[in-house]
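Me: I would like a close look at one part of this structure, taken residue by residue. Please set it against the chain as a whole before turning to the detail.

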Amino acid sequence: MSEQFLVGTYTKKDSKGAYMVTLDNGKLTDVKLAIPSQKPAYLQVGSDQRVYAVKQDGDQAGVATYDLDGDQADTLSTFMEKGPAPAYVGLDEQRHLLYSANYHTANVEVFKVAADGSLTRTDVVTHQGETGPEPEQEAPHVHYADLTPDQRLIVCDLGMDLIVVYDVSAGGKLTAVSRFKFEPGFGTRHLIFHPNGKYVYVLGELSSKLAVLKYNAADASFEHLQTIKTIPADWTAHNGAAAIRMSKDGKFIYTSNRGENTIAVFAVQPDFTVKHIQSISTEGDFPRDFNLSGDESYLLASNQNTDNLTLYRRDAATGKLALLQKDVACPEPVCVQRFN
């Protein structure tokens, strides 16, 4: 069975945009340019296979929508302003909204997506307040904005060691309803909810830690259950935790480590805390993102600094990974999303 992944990239060196790669019978093949664009560093694929991506054009930056049919990418709409590009885009197909998280400006932005793909901004919220002790926390840094299982917006702020939950109106307006502060220097980056909607697993970039929280949908509050390292206790070199994914059965969590250059695997325990069960090399440098195949038999990792993709077979029973393929050339890979 064949499927495709769309790989977002930086375009500082040789990359020309977002690339498509095919996974066929346990092998990655046919890496090719799919969306010519500057700095499509993060993207989402809609159920209609429209693509929503970060975009930069000179000193202008923002978000864009594309119709990707075969080898032809048609730009449907862009929303660009002078300034730095967002770090993340989140898609809300039920309300036809797109969210962006801008690390540099600390802005959470909301866009209405029309039927033709055109974008209209409906709200902007700027994070302000006390920040953490690490050098990277000199200001608020919004790094993630996506949906909770009950259709609220949850935002990670790396600079403030914070997650904030917002109610979202049908018209795309945000109202803050709760916040949870982590230990100083945690560096809140990305998160994922358990399929049951009651637990959330939050990745701290600066601390290289994974936190487990219980989520109360009644008031969007959180209860802290556990914090665990994603790297060995004796690791002293630099490391930044980056991406987090979870198996659809809710039994295993995967995180990437930029520095140790590994995928760390955690087994979810009966009380929904986690146990570290494996760390496996990404066979490259700076694995910013990765993703599971549709049937979760494979995991595809991207190494930004060494311009390569790595493929693993995944054991559904144990959750563990086994290396299948490395050194698959792809320039400056950053984001990995399934396309079909």
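Reply: The protein exposes about 13,400 Å², an area computed by the Shrake-Rupley method with a 1.4 Å probe, where for residues only the protein chains shown count as cover. Carbon and sulfur atoms supply 47% of that exposed area. The model is predicted, so local features are given only at pLDDT of at least 70 and side-chain atom pairs only at pLDDT 80 or more, while totals for chains, interfaces and linings use all residues. Residues are numbered from 1 along each chain as its sequence is written, and side-chain values use heavy atoms, with hydrogens and water left out.

Confidence, expressed as pLDDT (the predictor's confidence in each residue, from 0 to 100), has a mean of 97 for the protein, and 100% of the residues reach 70 or more. The lowest confidence is in strand β7 (residues 72-82), with a mean of 94, and the highest is in strand β13 (residues 153-157), at 99.

The secondary structure comprises zero helices and 28 strands; these are DSSP runs numbered from the N terminus, helices being H or I of at least four residues and strands E of at least two. The C-alpha trace spans about 45 × 45 × 35 Å along its principal axes. The radius of gyration is 19 Å, which agrees with the value near 20 Å that a compact globule of 340 residues would have; it is taken over C-alpha atoms, and the globule rule is 2.2 Å times the number of residues to the power 0.38. Of the 340 residues, 59% count as buried, a class that means under 20% relative accessible area, with exposed over 50% and partly exposed in between (1.4 Å probe, protein chains only). Among contacts (heavy atoms within 4.5 Å) between residues at least 6 apart in sequence, 47% join residues at least 24 apart.

The part chosen for the close look is the region of β13 and β14. Asp161 sits in the loop between these two strands. Its phi is near 55 degrees, a positive value in a residue other than glycine. Most residues other than glycine have a negative phi. Asp161 counts as buried because its relative accessibility is 2%.

Val164 belongs to strand β14 (residues 162-168). With a relative accessibility of 3%, Val164 is therefore classed as buried. Leaving out residues up to four places away in sequence, Val164 touches His127, Leu153, Ile154, Val155, Ala176, Ser178 and Arg179. Over a separation of 100 residues in sequence, the C-alpha atoms of Val164 and Ala64 lie 25 Å apart.

Thr131, in the loop between β11 (119-126) and β12 (142-147), also reaches this part of the chain, since its contacts beyond four places in sequence include Gly159 and Met160. The others in that set are Gln137, Glu138, Ala139 and Pro140. Thr131 has 25% relative accessibility and so counts as partly exposed. Ten residues along the chain from Thr131 is His141, and their C-alpha atoms are separated by 9.2 Å.

Other residues serve as points of reference. Val21, in strand β2 (residues 17-24), is buried because its relative accessible area is 1%. Apart from neighbours within four places in sequence, Val21 contacts ten residues' worth of listed partners, among them Glu3, Phe5, Val31, Leu300 and Leu309. Val21 and Gly284 are 263 residues apart in sequence, with 18 Å between their C-alpha atoms.

Ile280 is located in strand β23 (residues 274-281) and counts as buried because its relative accessibility is 14%. Its contacts, again without neighbours within four places in sequence, are Asn261, Thr262, Ile263, Tyr312, Leu321, Ala322 and Leu323. The C-alpha atom of Ile280 is 9.7 Å from that of Ser256, 24 residues away along the chain.

Glu283 lies in the loop between β23 and β24 (289-292). Although not a glycine, Glu283 has a positive phi of about 55 degrees. Its relative accessible area is 28%, so Glu283 is partly exposed.
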